[in-house]
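Subject: Structure for you to look at

Hello,

Here is the structure I said I would pass on. Please open it beside this message and keep the sequence at hand.

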Amino acid sequence: MIAVRNLLRRRLRSLFALLQIAVAIAAFVSIVGVTKGLRGQFYRLGEVFANDLVVQAGGAPSPIFSSVTREEAAKIEAVEGVASVSLMRLHALRLPQIKQPVILLAMDPGSELMARHEVTLGRALRADDTTQILVGDVMAKDLEIDLSSLTPEGLSGPPPELKVTGGKVYQVVGVFRSPLSEVRFLSGSGVMNLQALLDEANGQAHMLFAHRKPGGRAESPAEVREAIAASKALAPALNAAVPHLKADTIEGFLGGFKQAELVERFAIAVLFLAALVSGIGVANTMLMSVFDRTREIGLLRAVGWSRWRIVSMIEAEGVILSVAGGILGVPIGLLLIWASGQLVQLGWLSVELDPSLYVQAVLASTVIGLIGSAYPALRASYLEPTEALRYE
Amino acid sequence: MSEAAIECKEVVRSYEGGLVQALRGVSFSIPTQSSAAIVGPSGSGKSTLLHLIGALDRPTSGSVSILGQDLARVTDLDALRGRTIGFVFQLHHLIPNLPLWENVTLPALPLGLSRAERKRKACGLLERVGLKERVEFLPVKCSGGERQRAAVARALINDPQLLLADEPTGSVDTETGRQILDLFESFAEEREMTRVLITHNEQIAAEADLTLRIVDGRLTEQRRKE
């Protein structure tokens, strides 16, 4: 095939262009895979929390900047339509064995939120627990915690200990399965007794969940929509009960998660830049190739090749180069995801790599090749054979 | 030999908005199946004339007809060139990364022949020009004479009716040049082609049925062989 042989004539130049495209496609696969995974996890939360309202301080960009007290929780619970409330505080632990912090969700042992965390090994938390914690199955696995003393019936010996940076020691008394097994970050965290933290934090939790239907879970997209609409209708009453707090549905809460939104926008900008740079790389490579082969192109035109045939030849070279770069970029992207997994919070890196993503990656590289080689191809096709044959 | 294969009437070709006049009203006709030599000093307009006859360029004024078709009325000059005209240039213009047989088939690609058919034709022609053992060689592995012979084979792949050569012996030694011209002539006579050759060599020109002398863009002499 002439197109492939033409690319092999300038191997180094073709290789650099190919690597440029591979990097762009690697960025595409890793960023799209991760953002899709993250968004997928967030929106699957709707199935569990559609019947709930998330309440935090109005204007807080994220829960850690919010505060809610037990008195305020009682006022919310008294609103008609609210069956119960679950207070929650987020607590970060630093462990000597990993660089990233581990998040503990502090909740009341008897709360609806705690009931959604099914204990599979060891025992549930009790009201008098202080340094006793439960860990998610992902966290237990990733931290390689020895669970031999935890049985489905309870504890068969002293619980394993988790030593945090600074010297404090927690006892792992149980392992829980997250309310949604697909949402890995819920299982990548731990759970502890809220009161043990409130004693240290002036009695302030970060947020609360107002439950309309305890145990209620929406099973289908239609049910999710219906439940969220009902929750939304309840929000004004909650806002009126404690004016400086703001109640929102899970949909509104996640939609307002500014960091996630910013990451997604930044990812789109990075992808656009990567595509642009690799497109310019293809254009540059093909244009140099056309200059080098001016006399050959003149000869081909002289022996009867049409302009369209010349365009097809140059475009084919650009597309072959780009698709090869795209195919190389996919495993590089997977390698990037693996490397990222070593740097982020346990369970937070969720990736959705369905086959359509690979198809999209190859399509994207084809488009980069087609657009990048369009100008060189047109330039080649408009060379006058008489002038091209004289080109020095 | 009476019908005209090539007919030029008052052909003018100017460049730079008329500032440079390469051809100034050239008229002649070349009968079918005959041979013609174009001679003249460097820069006189010989190559410009050959390009016009070969449908590589269009005249500023006047008309060029080949095989009874006025080129001004032909919509697809690419197809016309590919099917009816074979070119041999001073330089072989072979593509360095393609073996000789693939170089020879380049004019046949737009015709849609199968690869096997193209290879069969190309190998047959390369055998005729004495390159049977070189069909898979890249041009860089061949001598100057071999490359030019491959270029002659390339010009013949589509069985053209016109064979145009722009100083085909200009880049090879005298003996190799003679061999190439003999090949050129034997193919042309065997396939009943009309051929036009640009040359600086008066001896070679004298062998043609018609000699056209171009000086400063004007046809100063038309001499028919006795």
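Below is what was found in chain B, from the whole chain down to single residues.

Please keep in mind that this is a predicted model.

The whole chain

Chain B is built from seven helices and 10 strands. Its C-alpha trace extends over about 45 × 40 × 35 Å along the principal axes. A compact globule with 226 residues would have a radius of gyration near 17 Å, and chain B has 17 Å, so the two agree.

Of the 226 residues in chain B, 54% are buried. If we take the contacts in chain B with a separation of 6 or more, 68% of them are between residues 24 or more positions apart. The accessible surface of the chain is about 10000 Å², and carbon and sulfur atoms account for 46% of that.

As for charge, chain B carries 28 positive and 30 negative side chains. The centres of these two sets are 4 Å apart.

Helix α1

Helix α1 of chain B covers residues 46-53. How many of its eight residues are buried? Seven of the eight are, so the helix is largely enclosed by the rest of the structure. The buried ones are B:Lys46, B:Thr48, B:Leu49, B:Leu50, B:His51, B:Leu52 and B:Ile53. You will see that B:Lys46 and B:His51 are on that list along with the leucines. It helps to recall that an α-helix has 3.6 residues a turn, so residues three or four places apart point the same way.

Positive phi angles

Most residues other than glycine have a negative phi. Three residues in chain B are worth a look with that in mind: B:Ala55, B:Gln33 and B:Leu67.

- B:Ala55 comes just after α1(B) and has a positive phi of about 60°.
- B:Gln33 is not a glycine, yet its phi is positive, near 65°. This residue sits in the loop between β2 (20-31) and β3 (35-39) of chain B. B:Gln33 has a relative accessible area of 35%, so it is partly exposed.
- B:Leu67 is not a glycine either, and its phi is positive at about 50°. The loop that holds B:Leu67 runs between β4 (61-66) and β5 (69-70) of chain B. With a relative accessibility of 26%, B:Leu67 is counted as partly exposed.

A proline in strand β2

B:Pro31 is part of strand β2 of chain B. Is this proline buried or exposed? B:Pro31 counts as buried, because its relative accessibility is 15% and the cut-off for buried is under 20%. B:Pro31 and B:Glu7 are 24 residues apart along the chain, and their C-alpha atoms are separated by 8.6 Å.

Cysteines

A search of the whole structure gave zero disulfides over all chains. B:Cys123 is in no disulfide, and the nearest cysteine sulfur to its own is that of B:Cys142, 13 Å away. Why is there no bond from B:Cys142 to its closest cysteine sulfur, in B:Cys123? The distance of 13 Å is too far for a bond, since a disulfide needs the two sulfur atoms within 2.5 Å. As for accessibility, B:Cys123 is partly exposed at 22%, whereas B:Cys142 is buried at 5%.

Regards

Note on methods
Residues numbered from 1 in each chain as written. Chains lettered and ligands numbered in written order. Predicted model: local features only at pLDDT ≥ 70, side-chain atom pairs only at ≥ 80, totals over all residues. Heavy atoms only, no water. Helix = DSSP H or I, 4+ residues; strand = E, 2+ residues; numbered from the N terminus. Rg over C-alpha atoms; globule rule 2.2 N^0.38 Å. Buried < 20%, exposed > 50% of the residue type's maximum accessible area, 1.4 Å probe, protein only. Contact = heavy atoms within 4.5 Å. Areas by Shrake-Rupley, 256 points an atom, 1.4 Å probe, with all protein chains shown as cover. Lys, Arg positive; Asp, Glu negative; His and termini not counted. Charge placed at Lys NZ, Arg CZ, Asp CG, Glu CD.
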